[in-house]
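Colleague: I've got a model open and I'd like to learn how to read it. Could you walk me through the domains and a sheet?

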Amino acid sequence: MYKLIITLLCVVTLTACRDEPSAQSEQLPEAEVDARADDQSGFSQILDSPLSESSSVKKWPNARFSSSGVIPEYLQREGDVELGRKALLEEAYVSCGIPERVFRQLLPADNAPLGVDGRHERAEGLPYNFNVVTNDDGLSIVTSNCLTCHATKLFGELVVGLGNEFLDFTADASKPVERAGALVQGDAEIAAWELYADRINTIAPYIKTSTVGVNPANNLTFALIAHRRANDNTWSNQPLLPLPPTDVPPVSVPPWWRMAKKPAMFNLGEGRRDHARIMMAASMLCTDSFAELEEIDQYAPDIRAFIASLEPPEYPFPVDTVLANTGREVFDRTCSQCHGSYGDEHAYPARLVPLDVVQTDSTLVDFALGDGVPYIDWFNQSYYGQLSTAAPGAGYVAPPLDGVWATAPFLHNGSVPTIGMLLESTTRPRYWKHAVSDLSDPESYDQQHLGWQHDVLDSGKASAADVAIYDTDLPGYANSGHRFGDHLGDDERAAVIEYLKTL
Amino acid sequence: MTGCRVLSSKKWLVGVFLLQACSSESPVSSLSSPEEQWLSNIAAATDTVDSSYPPNPIEFSTQLSAKTSRFSLRGIFTFPNAAPTGSVDQNQNLSLVQGGVIASLDRVSIRQGGDIVEKPSQWSYEHVLRSSILVDAVANSALLSDQIVSIEPTSTVQRAALNLAGATDNQLWVANNSVSIDSIVFSPPERCSASYQWQLELSATLRVRLEFLVDGCPQVQSVGGYSRWQVGGLIAKGFLDELENFEVVSSSPVEAKVWFSHGWGEVPSVGGAVVLDTLSIDIGQQRRLDISRSRRRSGRGPETVSASLLDQDGMSRTIELIWKDGDERLAATSGNQYPSQITLSSAEEGIDLRVQIMNRAIESDTGFGNSLNVPVVVSGSHAGAGFLNYVAINNTSP
């Protein structure tokens, strides 16, 4: 039950944590939607080509969307890194949760959870991904924090910022929270629990994934938006917008340490301008007024600054530097125009690559620019939209690749287990599953192909009801596209892989 | 049934036990005390009867008096030395390989409160949370008896009734005619390996004795201060005894599969905002359904159902199940209302069960509020029997 409760509490911080914000340098006016991002200058010919009529991708009006091309940088509000870390691990940006007394009853007594250093004594004994705060009734409650999805125990060490690709959202999220209600006592505990349980029950159908490891962050955000009023942020038990599909599209959790480079937080190029304000969407579960949001906004820039300060973990295994140098040449020739260059004179172009070019799974794009439009409009009209902008484009942002060795599986939906497979599309498995349940064992890492050990399967979920199976036949789970490495020879591909170990 | 003989037929026992391969029965012991007999027979089963397993089928058709069932379980139950409270919470489902479930010990829960009590004989009535036995005929799955230790707040009398006052060290007799546990050891909980002896007196003339071994220490799972391990698919071997004047006149080897769990530590109080109903049902082919349902006391919010299906090897998997209370209500003497029938369904699993409550009179307060603790029989897609704990929401609030 402990794990279930953890998963449950975790989901509430997904909303703003589904991608990384960036620290940038240009101050934008608080203006409307971002047609200004349509700077395609410097884009290569292939990337600059507009969406063709023959493309399967629809053309959407530009008013609330971004077009492909380079995403401009924005000046972020300044923040204090240390205060940001403290706020991330101590503040009540998620303002509802389980009463602390009950939560501690659910912790294993003889197996201390993995904690995190440097936070207040109240949090002693709590897992790293939970904060203990005091609610308006004076009751101590435990809430989830962003590290639920954005930290992973890697080879025995907690790596803050590494997306957790092993979380399990396949179960009904309402069950463990409802059952925790059996342990609450007294009016204050019951009230605190009931608020949290009611909200979880509301979103539970929209965050249940079909596969372990993928993340429901997008759908969670949409479900919460559907129950909130944009003008005052108040909650409505009845949905005010159409609810998102219960067939949850999967999302991979990108690492936080790339935020210093990225001007747009999310996969589709949405999440522009003030990232601190966008991150505050993590409070969307239970923060029901502007006044509460204003309090969070006081320290949100600090949290953003802390996230932007993170560095990727170094590759812990041997690297063939000669081969890596060869790989760098291939990379700069083949990959860098989208993914940037690295080293002392690094550069990141922040390109939104059109869908008909990258040809990866279109589910997120189709929804965001189709049925998802009401959510985009809501965001831009809300408190969050005062300083930030949700403006998805008809494509996917090519991310920077710092620390890419640790971030398997790949593509926005986590459909490709290794970089080797990413660079040779014919080798991608149609059905597969992780061979390990966590990243504690270095032996579980595939040093040749850069990814976690996995099993390739002969059949998918149609023949086996196994939530561990990644079935690329499912909607949103396709491993298509990004075939840019197919033309490489085996030696070139091996060299690029060796070079990627050094980023 | 050539080669078999009738073991027992008494006026209050309308049953016939037909055994094949009767030559495999063990010699009748002439030892003086039942304890010595038991130990001797177990030793004999272990040492000399292995070659006879698996035994030949037993045809079992009987109805037994509910008043005469007696169960005992012997094994080592460990408690953390420093735990302010502790519990033995074990349940097992034991089926003869020859047929359906013959008996199931649903749960024995014992809580030690306050200061550490070194001797079980010092435990008082409030330490015993609940125990229950469900005895189920092999052939027709009819419910034969149930015994529930319903603890009443009359300490002195109850302690005497429980034989606590006279218990020796490491021995706890929970009820005057139902459950006994001994060898409760206060030692680190890592000590898991033990041999457990299981005995059920079905009647004055029929008894089942079995022994199984938990080898090694299964993985311990902890929630809060409570830890638990569980093993499945254990093979238990023993004897089906015919008795006359409490003496064994004939014994035949039997074999069973066992699921077994042991928990210890602090059991948190439950029932604040949500109550949990539990239902455990044997559905034949040595499979068991364990179901729990949450309901809010406020009446708001969803009901949630968690169900797991245990197969004959003790492997458990979660299934989706719909639990629906019937409209007809039973009124307990307290005024609490309970459904007389429940339906359970799972299209994916081919489960469509009607659960009929067998005894409407039994309502108890286990410390977590009033609840109906009753045996049930099931029909529909599967036939079987089980045990229901249905918590009353009206008139009870911890």
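Modeller: Sure. Keep in mind that this is a predicted model. Let's start where the domains meet: 37 residues of domain 1 of chain A are in contact with 44 residues of domain 2 of chain A.

Colleague: Which elements give two or more residues to the domain 1 side?

Modeller: On that side you'll find strands E5 (151-154) and E7 (272-273), plus helices H9 (275-279) and H10 (290-308), of chain A. H9(A) gives the largest share, four residues. By residue class, the domain 1 side that touches domain 2 splits into 17 nonpolar, nine polar and eleven charged.

Colleague: And where do the two domains run along chain A?

Modeller: Domain 1 covers 2-20 + 81-205 + 252-308, and domain 2 covers 35-76 + 313-500.

Colleague: Now the sheet. How do strands pair in general?

Modeller: Strands of a sheet pair through backbone hydrogen bonds, in a parallel or an antiparallel way. Here, three strands of chain A make an open sheet, ordered E14-E11-E15, with antiparallel pairing.

Colleague: Why is one side of E14 and of E15 left without a neighbour in the sheet?

Modeller: Strand E14 (454-456) and strand E15 (470-471) of chain A are at the edges and each has a single partner strand, so one side of each has no neighbour in the sheet. Take E11 (residues 431-434) of chain A: two bridges join it to E15(A). A:Trp432 has A:Tyr470 as its bridge partner in E15(A).

Colleague: What about chain A as a whole: how many helices and strands, and what percentage is buried?

Modeller: Chain A has 17 helices and 15 strands, and 57% of its 503 residues are buried.

Methods: Residues numbered from 1 in each chain as written. Chains lettered and ligands numbered in written order. Predicted model: local features only at pLDDT ≥ 70, side-chain atom pairs only at ≥ 80, totals over all residues. Pairing = 2+ DSSP bridges. Domains from an automatic or database assignment. Contact = placed C-beta atoms within 7 Å. Nonpolar A, V, L, I, M, F, W, Y, C, P; charged D, E, K, R; others polar. Buried ≥ 20, exposed ≤ 12 C-beta atoms within 10 Å, placed from the backbone.
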